[in-house]
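The following exercises are to be worked with the sequence and the coordinates at hand. Each task is followed by a stepwise solution.

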Amino acid sequence: MNKQIILIGLNHRTAGVEVREKFALTDVENFEQGLMAHCPVQECLALSTCNRVEIVAVARKVPVAEAMDAVIQYWATACNGSPEQLMDNIYQYSDLDAVRHIFTVASSLDSMVMGEPQILGQLKDAYRAAVDKGTAKTIVNRLLHKSFSVAKRIRTETAIASSAVSISYAAVELARKIFGDLKPTRAMLVGAGEMAELAAMHLLRNGVKEIIIANRTLSRAKDLAESLGGEPIQIEAMPDRLHEVDIIISSTGSPVAVIKAKDVKAVLRKRKNKPMFFIDIAVPRDIDPDVNTLDNVYLYDIDDLKEVVDENMAQRQGEATKARAVVDLETETFGNWLNSLNIQPTIVDLVGKAEDVAVRELAKTLKKIGPVDDKTHNALERLVMSIAHKSLHEPICFLKRRTQEEGSAERFIDLARRMFNLDDETVPDNAHLDRKSASCAPEDIEQYIEISKKEQ
């Protein structure tokens with residue numbers, strides 16, 4: 001493999017938050033352009049998030065180790081850091097190992113929370129920026145587009161992201177099981193703990209139409225109500241408003257229960273026994289455990305939610321095995337494409353495709369005109385093969401000339417392979433929605449030729 005893809009990075013597994021902050025890239029676009037100017041790389045893309053920094057590049061005609069060392073030195077200098085400290089916290093991959101890692105990252109198999117979708121969006125943003133600045137070219141373009149399709153395939157073919165693996169989201173999933181549609185429901189946030197706030201945000205995103213925030217400090221309740229679009233109240237008013245809500249998320253710092261079973265009994269009478277769902281995320285608990293003995297009341301505390309999360313995480317681990325098999329298969333496919341960027345395999349594939357077309361068209365013609373003698377058959381066969389070969393003479397000469405130009409051969413070889421579909425890729429019907437009128441069925445081409453003849 002002549003195309004030397006390198007990847008250097010650090011993440012939440014290899015580096016602490018202090019190191020990640022030290023070597024985070026605050027100006028990614030200028031960093032990429034500086035990397036191209038000062039290091040022996042012809043393409044590059046950098047990704048910088050709170051949990052990882054990764055640099056993928058295509059080395060020029062230098063040894064992989066030399067290219068990697070130059071990138072590490074430039075990265076450390078750009079962050080006013082020590083190359084030795086950076087070396088102690090990074091991982092390095094090259095060629096198909098780098099490809100496999102990018103596919104793994106895009107598919108969220110390497111994330112702190114496996115299956116979370118944020119990393120794919122961050123990778124797409126980084127790719128768009130690199131394209132705009134011209135640092136992502138043929139190989140990085142293909143690599144990133146393929147990583148997006150791999151991520152989509154994994155989400156379609158596995159259940160890697162189908163279950164809740166955070167406390168706050170697990171609470172929302174349980175609420176959905178109880179109420180089904182959350183749109184008609186109202187919720188109350190008792191206290192203003194971080195996990196309770198996240199759960200409230202998830203509830204709102206899932207359609208809960210109204211939320212009340214009850215807190216000891218009214219100013220804090222008002223601030224939270226403003227961000228969530230809810231109604232702030234003093235916590236002392238909470239018991240008189242409970243009958244209005246279906247879902248209660250409690251997260252105060254009280255040393256004793258703030259919601260008691262006897263109070264909920266009275267609330268249920270007012271609600272005519274409509275179901276209520278209590279989520280107690282406080283330690284010590286905010287809600288009297290006896291509340292769970294009441295009819296049409298569902299109470300889950302932090303331990304219950306952790307059990308749900310642990311069970312779902314175990315399910316995701318099982319799905320991850322399937323996902324990694326997809327990554328391995330797609331990595332091999334990408335390796336085949338990389339190898340095809342050498343000029344000779346592409347010429348062989350071009351000639352082979354043209355000869356196949358010639359043979360098929362000759363067979364169709366002979367079927368129409370009927371039996372012919374061997375001499376005529378051989379003459380027709382030489383004719384169609386000659387046309388096939390001569391029609392490719394200029395394109396092949398063009399590709400050969402491009403191989404003598406630094407950095408341009410891969411782009412034109414890739415374009416040729418795509419134009420003639422030498423890799424037999426299946427293009428979805430909606431691949432180019434803005435070009436729906438550009439049909440390319442054989443019958444359309446024949447019709448176009450007929451119209452051109454008449455116009456002449």
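Two strands pair if DSSP finds at least two bridges between them; helices (H or I, at least four residues) and strands (E, at least two) are DSSP runs, numbered from the N terminus. The model is a predicted one: local features need pLDDT of at least 70, side-chain atom pairs count only at pLDDT 80 or more, and totals for chains, interfaces and linings use all residues. Residues are numbered from 1 along each chain as its sequence is written, and side-chain values use heavy atoms, with hydrogens and water left out.

**Exercise 1.** Determine how strand 2 is connected and paired to strand 3.

Step 1. A hairpin of 3 residues links strand 2 to strand 3.
Step 2. The two strands run antiparallel and are joined by 7 bridges.
Step 3. Within this pairing, Cys-44 is found opposite Ala-57 of strand 3.
Step 4. Buried means under 20% relative accessible area, exposed over 50%, partly exposed in between (1.4 Å probe, protein chains only). Because 7 of its 8 residues are buried, strand 2 is largely enclosed by the rest of the structure.

**Exercise 2.** State where Ile-5 lies and which residues it contacts.

Step 1. Ile-5 belongs to strand 1 (residues 5–11).
Step 2. Its relative accessible area is 1%, so Ile-5 is buried.
Step 3. Contact means heavy atoms within 4.5 Å. Beyond the neighbours within four places in sequence, the contacts of Ile-5 include Val-56, Tyr-93, Val-99, Leu-143 and Phe-334.
Step 4. Ile-5 and Val-56 are 51 residues apart along the chain, yet their C-alpha atoms are separated by 7.2 Å.

**Exercise 3.** Identify the residues that touch the most other members of the largest nonpolar core.

Step 1. A nonpolar core is a set of buried Ala, Val, Leu, Ile, Met, Phe, Trp, Tyr and Cys residues joined through side-chain atoms within 4.5 Å.
Step 2. The largest such core has 52 residues, and those touching the most other members are Ile-5, Leu-45, Phe-103, Leu-143, Leu-144 and Phe-334.
Step 3. Helix 7 (residues 138–157) gives the most to this core, contributing 8 residues.
Step 4. Arg-142 also has its place in helix 7. With a relative accessible area of 17%, Arg-142 is buried. Outside its neighbours within four places in sequence, Arg-142 is in contact with Phe-334, Trp-337, Asp-414, Arg-418, Asp-423 and Glu-425.

**Exercise 4.** Describe strand 10 and its partner.

Step 1. Strand 9 (residues 276–280) runs parallel to strand 10, and 5 bridges join them.
Step 2. Phe-277 stands opposite Tyr-298 of strand 10.
Step 3. Side chains alternate along strand 10 (residues 297–301): Val-297, Leu-299 and Asp-301 point to one face and are buried, whereas Tyr-298 and Tyr-300 point to the other and are not.
Step 4. Asp-301 also caps the N-terminal end of helix 13, with a side-chain oxygen 3.1 Å from the backbone nitrogen of Asp-303.

**Exercise 5.** Compare the span of helix 13 with its expected value.

Step 1. The expected span of a helix is 1.5 Å times one less than its number of residues.
Step 2. For the 39 residues of helix 13 (residues 302–340), 57 Å is expected.
Step 3. The helix reaches 54 Å from its first C-alpha to its last, close to that value.

**Exercise 6.** Assess the confidence of the model.

Step 1. pLDDT is the predictor's confidence in each residue, from 0 to 100. The chain averages 86, and 89% of the residues score at least 70.
Step 2. Over residues 432–438 pLDDT stays under 50, and the model has 0 contacts beyond four places in sequence for them.

How values were computed
A polar contact is a pair of N or O atoms within 3.5 Å; within protein, one must be able to donate a hydrogen and the other to accept it, and residues adjacent in sequence count only if both atoms are side-chain atoms.
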